[in-house]
Amino acid sequence: MVSKLSFLTTNEFTIKNSYEFCDQIKYVNGNGYMVSYDVKSLFTNVPLQETIEIILDKIFTSFNGTFNSFNRRDFRKLLELAVLDTHFIFNENIFKQVDGVAMGSPLGPTLANIFMCNLEQKYLNECPPHFKPIFYRRYVDDTFVIFKEKEHARMFLDFINGFHNNINFTLDTEENNSLPFLDILIFRDDYKFKTRVFRKKTFSGQSLNFFSHCSYNFKINSIKTLINRAFKICSNWKSFHVEVDFLKNFFIDNNYPVGIFYKILKQYLYYIYEPKHPVYLVPKCNFYLSFPYLGKRSTVLEKEIKNIISKHFTFLNVHIVFKNPLTVSSFFKFKDTLQPLMRSNIIYLYNCPKCQLGTYVGCTERMLKVRIDGHRGVSHRTGLPLLTKEASSIRNHAMSCKCSISYNDFKILDQIDTKENLLISESLFIKQLHPTLNCDSSSVPLYIA
């Protein structure tokens, strides 16, 4: 859905990122007055039904038109299923979101941008000419605007705040001929707008420490990324020099050797001003491998794998990524966990409550409740008996043992992301626990003694 609707998320006033904004602002006359507008809580205030109507009106310009084989009625149903039927858990209670896009939803930024594109087109077209902006650019809920006169900023704020009940803008004005926008500080110099990197007052100065337990490439790339940002945002060499000097001290404070910083800076500038002539070869197929990070052993492993693949699979371009699973978030869980019956992609264990001899290990990509109701032979929606029941050794045992199947008889053993790993984990548990009701000793060949 995101890719299908992406063409509706941009217009002449939107920008992709900070770099695109810097390229545009340098051509604007520096005589205007700078302000920025911010939408209060945009995501939770996007009117979903109205946004759906906006999407439909822009896509279906004719009565009998189709979009990706959908007519207007069916595409409306698809959108409503995607954005209106959103549930979440808080304090072990299930809630349905009434309005506003769900935080974390892939469609959230898309819907917000579509709504804002439509809204700003309206108020810019209807804005009275005597206080209309001479320059207007927006990134999601942040807007940078230039006016001819200072008093026009307040007039424009009152005008756009009266356009929609859900949307309320706040105003920030320039101070000392400068104004921050995104991660950019725009300042006026010689009647031109210049740019440099901006950091908020809450900036802590902490970064990935050089002695942290992660791949060396991550540490090097953190330097490359910030140097690249400095070069693209800073509009003159003076600002770039100040930013590079700041970055040098920043990385030194995080235990990076200063020699590594200067080496990467030199390589970056050589790459920009003395680029190598490309050598055109047959393109290779990119292949990615992920492993847990184990310190220096990982570097040795990476070299060995690449040497083996380069000898036997010359058509592959191998990218090896090392991850440290022990992140800070892995020790502290802030989100409400799903109730056991709502979890999916799990391996479960059944124990007969009557004889204690009937045990079964199974796996399912569906929610555990749906799978248990399948064993019970009832509909997971209505709880009524099914006319056609799926085969179940658990139900056969319960009938012979003359006992009922309860949700409490099931226990989750593990949760796995992919189907292949799900089957492997199930097979390992079957080999370890020796359940009496499983017909097969393994879901996949294990080749272990």
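**Figure 1. Arg72 and its salt bridge to Asp57.** In this predicted model, Arg72 is partly exposed, with a relative accessible area of 26% (buried means under 20%, exposed over 50% and partly exposed in between, with a 1.4 Å probe and protein chains only). Asp57 is likewise classed as partly exposed, at 46%. The two residues form a salt bridge in which the closest N and O atoms are 2.8 Å apart (a salt bridge is a side-chain nitrogen of Lys or Arg within 4 Å of a carboxyl oxygen of Asp or Glu). Distant parts of the chain are linked by this pair, 15 residues apart: Arg72 belongs to helix 5 (residues 72–83) and Asp57 to helix 4 (residues 48–59). Helices (H or I, at least four residues) and strands (E, at least two) are DSSP runs numbered from the N terminus.

Residues are numbered from 1 along each chain as its sequence is written. The model is predicted, and local features need pLDDT of at least 70, side-chain atom pairs count only at pLDDT 80 or more, and totals for chains, interfaces and linings use all residues, while side-chain values use heavy atoms, with hydrogens and water left out.

**Figure 2. The salt bridge between Glu174 and Arg188.** The side chains of Glu174 and Arg188 meet at an N to O distance of 2.9 Å. Glu174 sits in the loop between strand 6 (169–173) and strand 7 (178–181), and Arg188 in strand 8 (residues 184–189), so the pair ties together parts that are 14 residues apart in sequence. Glu174 is buried, its relative accessible area being 11%.

**Figure 3. The salt bridge between Lys194 and Asp189, and a salt-bridge network.** Lys194 pairs with Asp189 in a salt bridge whose closest N and O atoms are 3.7 Å apart. Lys194 counts as buried at 17% relative accessibility, whereas Asp189 is partly exposed at 30%. Elsewhere, salt bridges with shared partners join Glu53, Asp57, Arg72 and Arg76 into one network. The structure holds 14 salt bridges.

**Figure 4. The crossing of helix 4 and helix 6.** The axes of helix 4 and helix 6 (residues 108–126) come within 10 Å and cross at roughly 75°; axes are lines fitted to C-alpha atoms, for helices over the stretch in contact, and angles run from 0 to 180 degrees between N-to-C directions. Helix 4 is therefore roughly perpendicular to helix 6 (65 to 115 degrees). Leu48, Glu50, Thr51, Ile54, Ile55 and Lys58 of helix 4 meet Leu111, Ile114, Phe115 and Asn118 of helix 6, where contact means heavy atoms within 4.5 Å.

Key: Parallel < 35°, antiparallel > 145°, perpendicular 65-115°, else oblique.
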